[in-house]
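Biologist: I'm new to reading structures, and I'd love a close look at one part of this one. Could you pick a helix, take it slowly, and then show me what else there is to see in the chain?

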Amino acid sequence: MNNVTVFILLGLSQNRNTEVLCFVLFLFCYIAIWIGNVLIMISIACTQLINQPMYFFLYYLSLSDLCYTSTVTPKLMTDLLAQQKIISYNNCMIQLFIIHFLGGMEIFILTGMAYDRYVAICKPLHYAAIMSRQRCHTIILACFAGGFAHSASQFLLTIFLPFCGPNEIDHYFCDVYPLLKLACTDTNRIGLLVIINSGLIALVIFVILMVSYILILYTIRVYPAESRSKALSTCSSHMTVVILFFVPVLFIYIRPNVTFPVDKMFALFYTIIAPMFNPLIYTLRNLEMKNAIRKMWYHPSVIYACAIK
């Protein structure tokens with residue numbers, strides 16, 4: 001039996017002054033997320049960068065970042081100013097599904113980007129043949145499918161749980177572990193399945209990504225100084241994004257079915273902070289992206305032509 005029709009989100013803090021301060025901070029963060037990611041998407045889509053696999057994946061990474069944070073941040077900011085932070089049962093389940101779908105898709109896109117860099121640096125003579133446009137589209141479709149499969153399994157583990165009360169979620173959005181605490185049934189087995197589905201998958205992919213970057217660093221040791229510097233700059237940007245996203249995810253999902261107050265702080269990293277810093281990380285250390293942005297800034301007609309096209 002499910003007697004709960006709405007959930008109460010406890011949010012980040014119960015102090016009114018802290019909530020107002022957080023609202024102002026997250027408002028600026030959300031504006032920066034929109035400006036940064038939209039700027040990257042336009043700069044890639046309206047220039048020749050879209051034809052390069054690395055920027056093709058970066059376009060979809062920015063799109064997933066924008067959608068991912070928009071699933072959480074507007075509701076969070078609204079709740080910071082509200083007297084009572086509530087979300088209906090149906091909207092909670094929808095938010096859970098979308099968050100894990102976009103989060104899973106982002107993990108697989110980061111994997112595709114690491115594969116692209118590995119092929120470009122370790123197999124440069126075969127790069128054009130391996131990373132063809134058809135292969136890039138196939139990888140993106142696989143990212144969508146992987147994200148959907150991950151999210152659907154999380155959703156199915158949660159949707160059939162009985163909630164008899166209480167209905168207070170100690171978080172600022174609907175996630176699996178806080179919901180498992182409210183279920184009026186034994187959730188130990190479900191918690192184990194969540195670890196396998198989220199924690200172990202994220203851990204395996206993180207290890208694969210780190211190994212791929214170690215192989216890249218090993219390969220470029222014999223490169224000329226200029227080529228080595230460019231490869232290091234690109235890979236260091238990717239590694240920074242991977243660490244910023246994966247470390248908080250692993251902290252939350254790789255352990256048994258328990259929650260800590262600090263989980264909400266770690267969740268901020270992959271819901272708000274990482275989407276805000278990704279555009280900076282990929283533009284400040286990337287000459288091609290900076291040139292594309294300058295082209296958009298000094299030649300607005302390029303955007304107009306791109307929009308017509």
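Modeller: Happy to! Let's check the length of helix α10, which covers residues 263–284. Keep in mind that this is a predicted model. At 1.5 Å a residue, the 22 residues of α10 should span 32 Å. The end C-alpha atoms of α10 are 30 Å apart, which agrees with that expectation. Now follow the helix along to I273, where α10 bends by about 50 degrees. A proline, P275, follows within four residues of that bend.

How does this compare with the record? An unreviewed UniProt entry gives the annotation "transmembrane region" to several stretches, including residues 231–254 and 266–284. Over residues 266–284 the model is 100% helix and 0% strand, with end C-alpha atoms 25 Å apart. Residues 231–254 are 96% helix and 0% strand, and their end C-alpha atoms lie 32 Å apart. The unreviewed entry also annotates residues 36–282 as "domain: G-protein coupled receptors family 1 profile". In the model, that span is 77% helix and 2% strand, and its end C-alpha atoms are 10 Å apart.

Strands do appear, so to speak, in a little sheet of their own: three of them form an open sheet in the order β2-β1-β3, with mixed pairing. At the edges are β2 (86–88) and β3 (168–169), each pairing on one side only. What makes the pairing mixed? Strand β1, residues 6–9, pairs with β2 in the antiparallel sense over three bridges, whereas two bridges join β1 to β3 and these strands run parallel. You can find single partners by eye: F7 stands opposite I87 in β2. I8 is a good residue to click on, as its bridge partner in β2 is I86 and its bridge partner in β3 is E168.

Next, look at helix α4, residues 89–122, which lies across β1, β2 and β3. This helix runs at about 85 degrees to β2. The "transmembrane region" annotation from UniProt takes in residues 93–115 as well.

Helix α4 also brings us to the cysteines. The count of disulfides comes to two. One of them joins C92 to C174, with an S to S distance of 2.0 Å. The angle about the S-S bond is -125 degrees, and the link of C92 and C174 is left-handed. Because C92 lies in helix α4 and C174 in the loop between β3 and α7 (176–182), the pair ties together parts that are 82 residues apart in sequence.

Methods: Residues numbered from 1 in each chain as written. Predicted model: local features only at pLDDT ≥ 70, side-chain atom pairs only at ≥ 80, totals over all residues. Heavy atoms only, no water. Pairing = 2+ DSSP bridges. Contact = heavy atoms within 4.5 Å. Axes fitted to C-alpha atoms, helices over the stretch in contact; angles between N-to-C directions. UniProt positions renumbered as here; feature names shortened; annotations may be inferred. Expected span 1.5 Å × (residues − 1). Bend = angle between axes of the 7 residues up to and from the residue. Disulfide = S-S within 2.5 Å.
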